[in-house]
Number of protein chains: 2
Amino acid sequence: MSSGSPKDEVSSGALHSTVLDTIGRQIVSGTLAEGHVLRLEQVQQQAGVSRTVARETVRVLESMGLVRSRRRVGIIVQPRSSWNVFDPLVIWWRLAGPGRDIQLRSLTELRIAVEPLAAAAAASNASAQDRERLVRLATSMRGHGEAGELEEFLELDIEFHTLMLTSSGNEMFAALTDVVAVVLRGRTTLGLMPRHPVAEALDLHEEVAHAVAARRAADAETAMRELLGEVRDAVVPHGV
Amino acid sequence: MSSGSPKDEVSSGALHSTVLDTIGRQIVSGTLAEGHVLRLEQVQQQAGVSRTVARETVRVLESMGLVRSRRRVGIIVQPRSSWNVFDPLVIWWRLAGPGRDIQLRSLTELRIAVEPLAAAAAASNASAQDRERLVRLATSMRGHGEAGELEEFLELDIEFHTLMLTSSGNEMFAALTDVVAVVLRGRTTLGLMPRHPVAEALDLHEEVAHAVAARRAADAETAMRELLGEVRDAVVPHGV
DNA sequence: TTAGCGCCAATGGTACTACGAATTGATCCG
DNA sequence: CGGATCAATTCGTAGTACCATTGGCGCTAA
């Protein structure tokens, strides 16, 4: 366990998920290039596991679109275009590997696309207490942000956006919570954040929260779009 | 094989993917409710397969977040919130089951979020021939649309949006091509499409294409947003 | 009543076997 | 000499039997 995993992942059965992790990283990082052919026997020997475990691993890898196993040929590493890039594990692996900043950019663009609509949907669908909680989170963020407490600020930021996505009532949006959390964390660890959150960001978080609380969907959407506009500038310097 | 599968899915090994399909559908459709506990032995008996195959199936199901297997307990069906709703198979199953229209709505909202940004990105990043091809597709769509040839129109529509997403240069967007294709197909089969595509949609497709061709990102984005605004009205009657 | 111990069922993991399919190469015929 | 057919090899697929591990549940004793 060098860098952990998104959640605890698989509770008990650590064996098969270990080798899954190993091979997954290798493929995603490009160590195992597209077209490379693995053999099942090779997998079990390198990982020191039995045939059954190796097969289970390959099956999961196959369901992620990372490999494709053909009889008499072997286990063929598939091109990036057939990967399930939305799979949490795949995202995790890519963020751990070389293409980290590229991945962060893709994910940030996805955020920019989704979150404004999520905010609008939340304004329409969120429960009263969720809407109130959003406002409280925004004010807390201002407090910790102005105090320069980046750690607490980050956690609140994550909670804010997570709650926004989950309370949108759209499960596809809600499924992106982990992604957003990873992006936010990755952004700070990569040093893409100013030491103090800019005042404008603090204002916009509150603006979004208040718009959602007042069920003004259109306002929430535009405010969120502005908010993410700054994020774009930080992560994607050269326009789109 | 009652209704097929997104692609050919798994080429040769049909056995494990058959039982995967069966159980997956049952969970997604709610036949196997959240918290329901399966036992591995039960799985192999019901499907009439060996332990090995049953285990592989469970592993894949687990990687999709549909189940979680714990020792001494069994295979526990997980709540919807932990499903990988972006997994192509999960999407497929949901569209085949009862929650079909809910799923279509979620996916349509996702389209509304993503495609405008994808159009903008395509305007910046697409190759010259891709941009040209988009224009030609839009004009073809007009021809077949006005002639009332829905079949051909649908295929062109799919190709148009697919090309838009792939040429955006963002792999997360590109990964949504199958989703968009499914939504478009599902929309027509559900009878949510007018018999003749409305003239405005035809205009907007051309507008988007020309904006992308001329590399006017902002125009492409707004035109695409308008285009999808109509789609929203068709699928999501009651404002978001 | 409750705290702690221990049983055992159910999954996790391994090894071995048989089978089928696809590729490759060798043979045979034109 | 070239092309086509057929067989052997090789690898994934499927099945079975077996041991290891663990954690929930019941039993017992204080």
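User: In this predicted model, which atom of DNA strand C does a polar side-chain atom of Arg55(B) approach, and at what distance?

Analyst: A polar contact is read as a pair of N or O atoms within 3.5 Å. Here, a polar side-chain atom of Arg55(B) is placed 2.6 Å from a base nitrogen of DNA strand C.

User: Which parts of DNA strand C do the side chains of Arg71(B) and Arg70(A) approach?

Analyst: For Arg71(B), an N or O atom of the side chain lies 2.6 Å from a sugar or linking oxygen of the strand. For Arg70(A), the partner is a phosphate oxygen, with a polar side-chain atom 3.4 Å away. The elements that contribute two or more residues to the surface near DNA strand C are helix 1 (14–29) and helix 3 (51–63) of chain A, along with helix 3 (51–63) and strand 2 (67–70) of chain B. The largest share, three residues, is that of helix 3 of chain B.

User: How do the residues of the surface near DNA strand C divide by class?

Analyst: There are 10 charged, five polar and three nonpolar residues. Of the 18 residues around the strand, those that come nearest are Leu15(A), Leu40(B), Arg55(B), Ser69(B) and Arg71(B). On the DNA side, 65% of the strand C atoms within 4 Å of the protein belong to sugar or phosphate, and the rest to bases.

User: How is the packing of helix 5 of chain A and helix 7 of chain A to be read?

Analyst: Two packed helices are described by the angle between their axes and by the distance between those axes. Helix 5 (residues 100–125) and helix 7 (residues 150–166) of chain A pack at about 65°, their axes being 8 Å apart. Because angles of 65 to 115 degrees count as roughly perpendicular, helix 5 of chain A is roughly perpendicular to helix 7 of chain A. Their crossing is left-handed. Helix 5 of chain A contributes Arg111(A), Val114(A), Glu115(A), Ala118(A), Ala119(A) and Ala122(A) to the contact, and helix 7 of chain A contributes His161(A), Met164(A) and Leu165(A). By class, these residues are six nonpolar, one polar and two charged.

User: Are helix 7 of chain B and helix 10 of chain B roughly parallel or roughly perpendicular?

Analyst: Helix 7 (residues 150–166) and helix 10 (residues 199–213) of chain B pack at an angle of about 30°, with axes 12 Å apart. These two helices of chain B are therefore roughly parallel to each other, and their crossing is left-handed. Phe153(B), Asp157(B), Phe160(B), His161(B) and Met164(B) of helix 7 meet Leu202(B), His205(B), Val208(B), Ala209(B) and Val212(B) of helix 10. The contact comprises seven nonpolar, two polar and one charged residues.

Notes: Residues numbered from 1 in each chain as written. Chains lettered and ligands numbered in written order. Predicted model: local features only at pLDDT ≥ 70, side-chain atom pairs only at ≥ 80, totals over all residues. Heavy atoms only, no water. Axes fitted to C-alpha atoms, helices over the stretch in contact; angles between N-to-C directions. Helix = DSSP H or I, 4+ residues; strand = E, 2+ residues; numbered from the N terminus. Parallel < 35°, antiparallel > 145°, perpendicular 65-115°, else oblique. Left-handed = near helix turned anticlockwise from the far one by under 90°. Contact = heavy atoms within 4.5 Å. Nonpolar A, V, L, I, M, F, W, Y, C, P; charged D, E, K, R; others polar. Near = heavy atom within 4 Å. Polar contact = N/O pair within 3.5 Å; in protein donor to acceptor, adjacent residues only side chain to side chain.
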